[in-house]
Structure formats: structure tokens, C-alpha cells
Amino acid sequence: PYGVILQAINVRDLSGLGMEHCGLKGQEVAKMTTAIARDNYPEMLRKMVIVNSPWVFNGLWWILKAMLPQRTIDKVSINGANYSEELTKHVDLSSLPEVLGGSHIGNGNDIPFEFDVSEGGLLWLSPTSA
């Protein structure tokens with residue numbers, strides 16, 4: 001019906017996040033993606049469960065939190081490798097892919113989104129746009 005707000009549960013797997021992502025370019029990408037979500041999709045986030053969060057993410061999270069309202073921060077759950085209990089509080093195992101401990105096989109179109117910050121990539125910041 002008209003007026004119903006769709007809310008999503010997002011799962012972000014941070015496997016592979018490292019120091020190379022923490023430089024100025026990584027911070028700019030984080031700012032851009034946060035601004036896009038904040039400005040264009042307000043109140044659509046029900047919960048974000050971050051899994052496989054490496055230690056380096058704590059610094060990035062500190063920067064990101066400064067750009068977010070408290071109500072959004074409260075919706076985020078950060079977890080290391082032991083994320084199963086927290087994740088299954090919010091998502092049924094049948095909806096999770098096997099790589100996250102679920103049984104969802106998908107239809108072949110379920111490919112991970114790559115943050116391509118290489119020159120000319122989707123999230124590349126040219127020297128003139130930075």
C-alpha cells in the first residue's frame with residue numbers, strides 16, 4: 001500500500017579489508033558511499049550486520065560515525081569472525097549464502113559488489129574531482 005517504507009537488513013562482509021583501504025582514497029570512497037545512502041535512502045536501513053570485520057575497520061568506523069546520526073549508528077552491528085549468532089538474530093539461514101553459513105544457493109546472479117577504486121573504476125576519484 002501507498003506510504004509503506006521498505007526497510008532492509010544489509011550484511012557486509014569485510015574480508016580482505018586492509019591498511020591499503022585506509023588512505024585518503026579509501027576515506028573519500030567511504031564518505032561518498034555514506035553520503036549517497038544518507039541523502040537518497042533515509043530510514044531504509046533496518047539493520048546492518050558487518051561480518052569478518054578486521055581490526056583496521058575500527059579506525060574507519062570512527063571516521064564514518066562522525067558523519068552519521070546516532071539513530072543510524074545504533075542500527076549497525078560490527079562482528080569479527082564469530083558473527084553467526086548476531087547474524088541469525090536478523091536474517092533467516094535460508095536467506096543467507098553458503099559462504100555466510102546459510103543455505104541460499106541463489107540464481108547465479110548473486111555476485112559480490114567490488115568497490116573498484118582503480119583508475120577509471122566505478123568509484124575512482126580523479127585528481128580533479130578529489
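Phe-57 is tucked away in this predicted model: its relative accessible area is just 6%, so Phe-57 counts as buried. Trp-61 comes out as buried too, at 13% relative accessibility. Both residues sit in helix H2, which covers residues 57-65. Because they are 4 residues apart in that helix, about one helical turn separates Phe-57 from Trp-61. A search for aromatic pairs through the whole structure turns up 1. That pair is made by Phe-57 and Trp-61, with 6.1 Å from centre to centre and 25° between the planes. Since planes under 30 degrees apart count as stacked, the pair of Phe-57 and Trp-61 goes down as stacked.

Now for the charged side chains. The count of salt bridges comes to 1. Here the side chains of Glu-86 and Lys-89 meet, at 3.3 Å from N to O. Helix H4, residues 84-90, holds both partners. Glu-86 and Lys-89 are 3 residues apart there, or about one turn of the helix. What about their surroundings? Glu-86 has 17% relative accessibility, and because the limit for buried is under 20%, Glu-86 falls on the buried side. Lys-89 has a relative accessible area of 55%; as exposed means over 50%, Lys-89 is classed as exposed. So the salt bridge links Glu-86 and Lys-89, with Glu-86 buried and Lys-89 exposed.

Further along, His-104 turns up in the segment after H4. Its relative accessible area is 34%, so His-104 is partly exposed. Leu-93 lies 11 residues away from His-104 along the chain, and 7.6 Å separates the C-alpha atoms of these two residues.

Stepping back to the protein chain as a whole, there are 4 helices and 3 strands. Going along the sequence, these elements come in the order β-α-β-α-α-β-α. Of the 130 residues in the protein chain, 27% are buried, and Phe-57, Trp-61 and Glu-86 are among the buried ones. The surface that the protein chain exposes adds up to about 9200 Å², and 57% of that comes from carbon and sulfur atoms.

Contacts fill in the rest of the picture. Taking the contacts in the protein chain with a separation of 6 or more, 73% are between residues 24 or more positions apart.

Methods: Residues numbered from 1 in each chain as written. Predicted model: local features only at pLDDT ≥ 70, side-chain atom pairs only at ≥ 80, totals over all residues. Heavy atoms only, no water. Salt bridge = Lys/Arg side-chain N within 4 Å of Asp/Glu carboxyl O. Helix = DSSP H or I, 4+ residues; strand = E, 2+ residues; numbered from the N terminus. Buried < 20%, exposed > 50% of the residue type's maximum accessible area, 1.4 Å probe, protein only. Contact = heavy atoms within 4.5 Å. Areas by Shrake-Rupley, 256 points an atom, 1.4 Å probe, with all protein chains shown as cover. Phe/Tyr/Trp six-rings, centres within 6.5 Å; stacked < 30°, edge-to-face > 60°.
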